[in-house]
Amino acid sequence: MKIKNKCLTLARQRFWPGLWLVLLAALSACTSTTIDEFRQAETGLNTGETVVILGRRQGAGYETAADFVQCVGDRMARGRDGLNVVPEQQFVDALFPWFEPRTAPLRSDDLQQLMAQPMVSDKMNEFGVRYIVWLDGQTETSNRMGSISCTVGPGGGGCFGFGSWEDDSSFEARVWDVSSNLAVGTISADASGQSYMPAVFVPIPLIARVEANACNSLADQLKQFVQGG
């Protein structure tokens, strides 16, 4: 298990008048991220092999956000040790209709049956897919408090008030090895943080980057996992 804590402060907001700077510098938007990994088999990537990141969207009225899936994929492909990641939409379109929400395999046991389809196995080989990563989860906002009011008059306008809220992100990544048709592990990322919105003349958002931290932490752990590190 890995736990990371990050905080942002207003101490660097140089444009803010001195008095309010002192008061607001005491506030912070902190996040706490916890990563858990469960490995079921050895992993590794050979030259030319790729990874595809897909979002779970089977439930009615619920789906893993596409921008979070893209965020994880972009992060895994970044850097000198970046992986070859197949874009989700490109993969889903190429294998239509096998990975549409109604037909996508729900268990790794279904993968072997799916790979028996010549069209599926041909496309998998064409993309060089070694691992399929299924992302499932979402971010929820709760405990909204406070209010901010704004007025505009002949002499100008401004806002006054204070608001705060809490964001919680919970995501799980299940990794399937296409070469063996087996599930090889699960990684979960849970992040939470309190955001603040003080307003004196203008609102100053102090946003806890909960989902961004969950994305970065989960992508870094996934990269190490599939590489066998």
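Begin by selecting F68 and F171: both residues are buried, where buried means under 20% relative accessible area, exposed over 50% and partly exposed in between, with a 1.4 Å probe and protein chains only. The model is a predicted one, in which local features need pLDDT of at least 70 and side-chain atom pairs count only at pLDDT 80 or more, while totals for chains, interfaces and linings use all residues. Residues are numbered from 1 along each chain as its sequence is written, and side-chain values use heavy atoms, with hydrogens and water left out.

**Aromatic pairs**

Keep F68 and F171 on screen. Their rings form a stacked pair, 3.7 Å centre to centre with 5 degrees between the planes. Rings of Phe, Tyr and Trp (its six-membered ring) pair if their centres lie within 6.5 Å; planes under 30 degrees apart count as stacked, over 60 as edge-to-face and the rest as tilted. F68 lies in helix α2 (residues 66–77) and F171 in strand β6 (residues 156–177), so the pair ties together parts that are 103 residues apart in sequence. Helices (H or I, at least four residues) and strands (E, at least two) are DSSP runs, numbered from the N terminus.

Next, select F162 and Y196. This aromatic pair is tilted, at 6.2 Å between centres and 40 degrees between planes. F162 is in strand β6 and Y196 in strand β7 (residues 182–203), 34 residues apart, so distant parts of the chain are linked. F162 is partly exposed, at 35% relative accessible area.

Then show F91, F99, F127, W134 and W176, which ring pairs link into a cluster. The count of aromatic pairs comes to six.

**Charges over rings**

Stay with W134 and add R56: the charged end of R56 sits over the ring of W134, 3.8 Å from its centre. The rule asks for NZ of Lys or CZ of Arg within 6 Å of the ring centre and within 35 degrees of the ring normal. Select R39 and F225 for another case, with the charged end of R39 4.1 Å from the centre of the F225 ring.

**I35 and N181**

Where is I35 placed? Select strand β2 (residues 28–39), which contains I35. I35 counts as buried at 5% relative accessibility. Leaving aside residues up to four places away in sequence, I35 touches M1, K2, I187, S188, A189, S217, L218 and Q221; contact means heavy atoms within 4.5 Å. The C-alpha atoms of I35 and A191 are separated by 8.8 Å, although their positions lie 156 residues apart along the chain.

Move to N181, in the loop between β6 and β7. N181 is buried, with a relative accessible area of 18%. With residues up to four places away in sequence not counted, N181 touches S108, L111, Q112 and M115.

**The largest pocket**

Select I53, V69, P87, E88 and Q89, the residues nearest the centre of the largest pocket among the 22 that line it. Helix α2 gives the largest share of this lining, six residues.

**The whole chain**

Zoom out to six helices and seven strands. From the N terminus on, the elements run β-α-β-β-α-β-α-α-α-β-β-β-α. Of the 229 residues in the protein, 41% are buried. Among contacts with a separation of 6 or more, residues 24 or more positions apart account for 72%.

Notes:
1 Å grid on protein atoms, 1.4 Å probe; cavity = no way out; pocket = protein on both sides within 12 Å on 5 of 7 lines; lining within 4 Å.
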